[in-house]
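Please open the structure in your viewer and keep the sequence panel visible beside it. The tour below proceeds by selections, each followed by a description of what is there.

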Amino acid sequence: MVANVEQINEWQERVARWQASGLSQRAFAIENGVSQRQVSYWARRLGEAQLSPPFVPVRVTSTGASSGIVLRSERGWTVTVPLDVPASWLAELMRAL
């Protein structure tokens with residue numbers, strides 16, 4: 001299903017109203033003349049969009065011989081990890097940052 005910006009905005013407002021209403025999806029759908037299936041779909045779709053991690057700018061540079069992977073934040077902090085660190089550990093670190 002391809003949604004346009006207007007439709008997405010409409011459903012963002014509708015889902016926010018449903019969440020604030022305290023009603024079940026079914027009761028809200030009946031009151032508002034939409035199907036429960038649509039309310040469920042959009043609540044799930046918009047919820048997933050909010051959980052998606054934002055993209056962050058990355059600049060890859062080479063300084064010749066390296067003693068590790070250096071992560072620098074726009075906020076000023078720096079983290080250096082060894083080159084042989086397991087990828088799963090590095091992924092967990094990135095999620096935590």
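A salt bridge is a side-chain nitrogen of Lys or Arg within 4 Å of a carboxyl oxygen of Asp or Glu. By this criterion, the structure holds 1 salt bridge. The model on the screen is a predicted one.

**The whole chain**

Begin with a cartoon view of the whole protein. It contains 4 helices and 2 strands, and along the sequence they follow the pattern α-α-α-β-β-α. Of the 97 residues in the protein, 20% are buried. Among contacts between residues at least 6 apart in sequence, 28% join residues at least 24 apart.

**Helix α1**

Select residues 5-21, which form helix α1. Its 17 residues, at 1.5 Å a residue, should span 24 Å, and the end C-alpha atoms are indeed 24 Å apart, so the expected and the computed values agree.

Next, display the side chains of Trp11, Arg14, Val15 and Trp18, the buried residues of α1. Because they cover an arc of only 100 degrees around the axis, they lie on the same side of α1. Now turn to the other side of α1, where Val5, Glu6, Glu13 and Ala20 are exposed.

Both ends of the helix deserve a selection. At the N-terminal end, Asn4 acts as a cap of α1, with a side-chain oxygen 3.2 Å from the backbone nitrogen of Glu6. Just after α1, select Gly22, which takes a positive phi of about 80 degrees.

**The salt bridge**

Select Arg14 and Glu10. These residues form a salt bridge, and their closest N and O atoms are 2.8 Å apart. Arg14 and Glu10 are 4 residues apart in helix α1, which means that about one helical turn separates them.

Is Arg14 buried or exposed? Arg14 is buried, as its relative accessible area is 14%. Glu10, by contrast, has a relative accessible area of 38% and is therefore partly exposed.

**Helix α2**

Select residues 25-32, helix α2, in which Gln25 is found. Gln25 has 18% relative accessibility. Because buried means under 20%, Gln25 counts as buried. Residues up to four places away in sequence aside, Gln25 touches Trp18, Gln36, Val39, Ser40 and Ala43.

Add Phe28 and Ala29 to the display; together with Gln25 they are the buried residues of α2. They are on the same side of α2, because their arc around the axis is only 100 degrees. The face turned away from this buried side carries the exposed residues Arg26, Ile30 and Glu31. Just after α2, Gly33 takes a positive phi of about 65 degrees.

**The nonpolar core**

Finally, select Trp11, Val15, Trp18, Phe28, Ala29, Val34, Val39, Trp42, Ala43 and Leu46. These 10 residues make up the largest nonpolar core. Helices α1, α2 and α3 (36-51) each supply at least two residues of this core. Which helix supplies the largest share? That share, 4 residues, comes from α3.

End the tour at Leu46, one of the residues of this core. Leaving aside neighbours within four places in sequence, Leu46 is in contact with Ile8, Trp11, Gln12 and Val15.

Notes
Residues are numbered from 1 along each chain as its sequence is written. This is a predicted model: local features need pLDDT of at least 70, side-chain atom pairs count only at pLDDT 80 or more; totals for chains, interfaces and linings use all residues. Side-chain values use heavy atoms; hydrogens and water are left out. The expected span of a helix is 1.5 Å times one less than its number of residues. Buried means under 20% relative accessible area, exposed over 50%, partly exposed in between (1.4 Å probe, protein chains only). The arc is that of the directions from the helix axis to the C-beta atoms. A polar contact is a pair of N or O atoms within 3.5 Å; within protein, one must be able to donate a hydrogen and the other to accept it, and residues adjacent in sequence count only if both atoms are side-chain atoms. Contact means heavy atoms within 4.5 Å. A nonpolar core is a set of buried Ala, Val, Leu, Ile, Met, Phe, Trp, Tyr and Cys residues joined through side-chain atoms within 4.5 Å.
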